Amino acid sequence: MKLGQSLLAAAVLAAAFGAPARAQEDTIKVGILHSLSGTMAISETTLKDVMLMLIEEQNEKGGLLGKKLEPVVVDIASNWPLAAEKARQLLETDKVAAVFGCWTSVCRKSVLPVFEELNGLLFYPVQYEGEESQRNVFYTGAAPNQQAIPAVDYLMENEGVERWVLAGTDYVYPRTTNKILEQYLKDKGVAAEDIMINYTPFGHSDWQTIVSDIKKFGSTGKKTAVVSTINGDANVPFYKELGNQGIKAEDIPVVAFSVGEEELAGLDTAPLVGHLAAWNYFMSVDTPENAAFIEGWHKFIKDDKRVTNDPMEAHYIGFNMWVKAVEAAGTTTPDAVIDSIIGVAVPNLTGGYASMGPNHHITKPVLVGEIQADGQFDVVWETSGLVLGDEWSDFLPESKPLISDWRAPLSCGNFNTQTKTCGGSN
C-alpha cells in the first residue's frame with residue numbers, strides 16, 4: 001500500500017472509530033435514576049419526564065460549559081438492590097457528571113454506598129425522614145421539619161385533632177418519620193392510647209380491615225386524623241376504601257405526605273374532597289414562575305392535562321442549583337461542585353428562592369393543601385417564610401445534639417455539639 005493510501009486508510013479508521021469518542025467528550029452526561037415500572041412508577045415516571053425537559057431547556061440555552069447535556073435514563077423498576085447496580089452503571093460505565101433520582105428512602109439508602117465509594121453526586125427530590133446528611137447527596141425534598149411537623153401543627157391548631165393514626169408503608173421513611181412524630185405528639189401532651197400506628201407493604205391493596213380499624217379508632221368522640229406516609233400505588237385502594245366506608249374529610253381528615261397531583265390523576269377524587277396533603281409546592285400556586293413552568297411542561301410533554309407536583313419542583317430546583325454550581329466551579333468534577341454549591345440560590349416556583357445550606361438541605365416554604373374535585377389542591381395554610389431542612393431531628397434525644405456542616409474545616413455530616421466529635425461520613 002502506498003503512503004498516500006495508508007494515510008487515507010488511517011483517516012477513514014479515525015473517522016469511523018474516533019468520532020464517537022470525541023462526540024462523547026463533547027457532551028456532559030446526566031443520570032436519571034427512577035422507577036419506570038413496578039409499584040413506584042405511578043410517582044416516578046413523571047420525574048424522569050421533567051428531567052428530560054430540564055435538560056432539553058438547558059441545551060436550548062447553549063448547554064453547560066460549552067457542551068450539550070446528554071441524559072442517561074435507567075429504570076430501577078421499584079427494586080432497591082437493582083437501584084444500586086444501576087447507580088454504579090451510571091457512574092462507572094456511563095461516566096455521568098451527576099445523578100437525579102430515587103423516590104423512596106430505601107432506594108436512597110441502597111445507592112448511598114455507591115455514591116460515597118465512587119464520589120458521585122446524587123440529587124434526591126422527595127420528602128424524607130431526615131437523620132442523614134451525606135457529602136455526596138443533596139436533599140432537595142422536605143425534611144420532617146419542612147413537612148411532617150408543620151402538618152401536625154396545622155391539624156392541632158386549625159382542626160382541633162386529639163387522636164392520631166400514623167399510617168405508613170413499611171420501610172425506613174414512614175417508620176423514622178412516625179418515630180419523630182410519635183415523640184413530638186407525646187411532647188405536646190398526647191397520650192399513648194391516642195396514637196395508633198400501622199404499616200403495610202409496598203403495593204398493599206386490601207384496606208378494608210385497616211380502614212375499619214381507623215373508623216373505630218375515630219369514633220370515641222375525640223377529633224381524629226390520619227397522617228399518611230403511604231407510598232406508591234397503594235394509595236389508590238386506600239383512598240377508595242375510605243370512600244367505600246363513608247369516611248369524609250370533616251369526620252377523619254387524612255393529611256398525606258406522598259400524595260400529590262400525579263397520584264390524584266389516577267383516582268376518583270369526589271370522595272376525597274377536603275382531605276389534605278402537606279408539600280412545599282402545589283400546581284395551583286399562582287405565581288409567574290409557576291405559570292411559566294407549567295406552560296413549558298405542557299409544551300414539552302404535548303399534553304395539557306398532565307399535572308405538575310412537588311418532587312418535580314424539587315428536581316427543577318436541584319437541577320438549576322447543579323448548573324449554577326458547575327458554572328461557578330468551571331468544571332463538573334464532584335469535589336469542586338460540592339464546594340461551590342453551598343450558598344447557591346435559585347428561584348423556586350412559589351415566588352421565592354431556594355438556597356443550599358451547609359447541611360446539603362435547602363430552604364422551602366411549607367404548604368398545606370386541600371383536595372379539590374378536579375384533583376388540584378387549594379392552599380389552606382402556609383408558613384410565613386422559608387424553612388431550612390433540619391437533617392437531625394430535635395425531637396429524638398440521640399439526634400438533638402447533632403449538626404451537619406460540609407464546609408471546611410468541619411466537613412462533617414453528624415458533628416456532635418456535646419462531645420465535639422464527628423461521628424462518621426454521614
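This passage describes a parallel sheet, a helix lying across it, and three residues with unusual backbone geometry. The model is predicted; local features need pLDDT of at least 70, side-chain atom pairs count only at pLDDT 80 or more, and totals for chains, interfaces and linings use all residues. Residues are numbered from 1 along each chain as its sequence is written, and side-chain values use heavy atoms, without hydrogens and water.

Five strands form an open sheet in the order β2-β1-β3-β4-β5, with parallel pairing. Strands (E, at least two residues) and helices (H or I, at least four) are DSSP runs, numbered from the N terminus. Two strands pair if DSSP finds at least two bridges between them. β2 (68-75) and β5 (137-139) are the edge strands; each has a single partner, so one side of each lacks a neighbour in the sheet. On average, neighbouring strands are turned by 25 degrees against each other, direction ignored. Strands β3 (98-101) and β4 (122-124) are joined by two bridges. F100 has F123 of β4 as its bridge partner.

Helix α11 (310-329) lies across β1 (27-34), β2, β3 and β4, at about 175 degrees to β3. Contact means heavy atoms within 4.5 Å. Axes are lines fitted to C-alpha atoms, for helices over the stretch in contact, and angles run from 0 to 180 degrees between N-to-C directions.

The A408 to P409 peptide bond is cis, with omega near 10 degrees. P409 sits in the loop between β17 (402-405) and β18 (412-416). S411 is in the loop between β17 and β18. Its phi is positive, near 45 degrees, although S411 is a residue other than glycine. S411 is partly exposed because its relative accessibility is 39%. H360, not a glycine, has a positive phi of about 65 degrees. H360 lies between β12 (353-355) and β13 (363-364), in a loop. H360 counts as buried because its relative accessibility is 0%. Buried means under 20% relative accessible area, exposed over 50%, and partly exposed in between (1.4 Å probe, protein chains only).
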